[in-house]
Amino acid sequence: MEDFLQKAKNASRVLNTLSGKEKNRILNEMAAALQSEKKMLLLENAKDMSDGKKNNLTSALMDRLFLDEQRIDSMAQAIREIAALKEPVGRVLDGWVTEDDLKIEKVSIPIGVIGIIYESRPNVTSDTAALCFKSSNVCVLKGGKEAENSNKAIAKILQGVL
């Protein structure tokens, strides 16, 4: 685990070298990749749905877990909307000049590595990955076991773009 987290930290340094324009291009490619891989995503999600039935998941959990073409399109659209957001890194949040003409600024920077644990909603995988990428942060995601196949497929698609 320590080696894995060190690799994540090293990746965050590389991510900081990307311009906002480059990140937006990559995010739009991620959205397109999700849509072009719908068939594979639906197959992997069907495995999760089958396992969910076997494990007597509630109807509410099954609904959160379920992917169809429309939900995949919504995931892709969410990534495009994230790409369209203002660049969060390097924004001057506050600033002032001291009596000695020293300019002080509070500037937004990435956190580095963010760990996220979430329930069985495959769309959270793409949403959080895109948000972290946009803000130049690396994310370590731990989704619910009920969505394991779907989450792995989404992560594979997004990583393939990278």
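Partly exposed describes a residue whose relative accessible area falls between the buried class, under 20%, and the exposed class, over 50%. Keep that scale at hand for these exercises, which work through a predicted model.

**Exercise 1. Sort the partners of the Lys 103 and Glu 105 salt bridge by exposure.**

Solution. Start with the pair: the side chains of Lys 103 and Glu 105 meet at 3.4 Å, N to O. Next, take Glu 105, which has 39% relative accessibility and therefore counts as partly exposed. Then take Lys 103: its relative accessible area is 60%, so this residue is exposed. Elsewhere, salt bridges with shared partners tie Lys 38, Glu 69 and Asp 73 into one network. The search of the whole structure gives 10 salt bridges.

**Exercise 2. Describe the setting of Lys 38, starting from its helix.**

Solution. First, place the residue: Lys 38 belongs to helix H3, residues 38–54. Second, check exposure. With a relative accessible area of 16%, Lys 38 falls under the 20% limit and is therefore buried. Third, list its contacts beyond four places in sequence: Glu 69, Ile 72 and Asp 73.

**Exercise 3. Where do Lys 47 and Glu 44 lie, and how far apart are they in the helix?**

Solution. Both residues sit in helix H3, three residues apart, or about one turn of the helix. Their side chains form a salt bridge at 3.0 Å, N to O. Now compare each value with the scale: Glu 44 has a relative accessible area of 18%, so it is buried, while Lys 47, at 41%, is partly exposed.

**Exercise 4. Work out what surrounds the second largest pocket, and find a salt bridge in its lining.**

Solution. Begin with the space itself, about 170 Å³. Then look at the elements: helix H4 (59–65), helix H5 (69–84) and H6 each bring at least two lining residues, and H5 gives the most, with four. By class, the lining has five nonpolar, two polar and five charged residues. Among the lining residues are Asp 63 and Arg 71, whose side chains meet in a salt bridge at 3.0 Å, N to O. Finally, place both on the exposure scale: Arg 71 has a relative accessible area of 29% and is therefore partly exposed, and Asp 63, at 43%, is partly exposed as well.

**Exercise 5. Characterise the largest pocket by volume, lining and class.**

Solution. The volume comes to about 900 Å³. The lining holds 31 residues, and those nearest the centre are Cys 139, Val 140, Leu 141, Ala 155 and Gln 159. Helix H1 (2–15), H6, strand S4 (138–142) and helix H7 (148–161) are the elements that give two or more residues to this lining. To finish, sort the lining by class: 20 nonpolar, six polar and five charged residues.

**Exercise 6. Is Ser 126 buried or exposed, and what does its side chain reach?**

Solution. Locate the residue in helix H6, residues 122–134. Its relative accessible area is 0%, so Ser 126 is buried. The side chain reaches the backbone oxygen of Asn 123 at 3.1 Å. Beyond four places in sequence, Ser 126 touches Leu 34, Met 75, Ile 79, Ile 154 and Leu 158. As a last step, link back to Exercise 4: Met 75 and Asn 123 are both among the residues that line the second largest pocket.

Definitions and conventions:
Residues numbered from 1 in each chain as written. Predicted model: local features only at pLDDT ≥ 70, side-chain atom pairs only at ≥ 80, totals over all residues. Heavy atoms only, no water. Buried < 20%, exposed > 50% of the residue type's maximum accessible area, 1.4 Å probe, protein only. Polar contact = N/O pair within 3.5 Å; in protein donor to acceptor, adjacent residues only side chain to side chain. Contact = heavy atoms within 4.5 Å. 1 Å grid on protein atoms, 1.4 Å probe; cavity = no way out; pocket = protein on both sides within 12 Å on 5 of 7 lines; lining within 4 Å. Points joined across faces, edges and corners; volume = space filled by probe spheres on them. Nonpolar A, V, L, I, M, F, W, Y, C, P; charged D, E, K, R; others polar. Salt bridge = Lys/Arg side-chain N within 4 Å of Asp/Glu carboxyl O.
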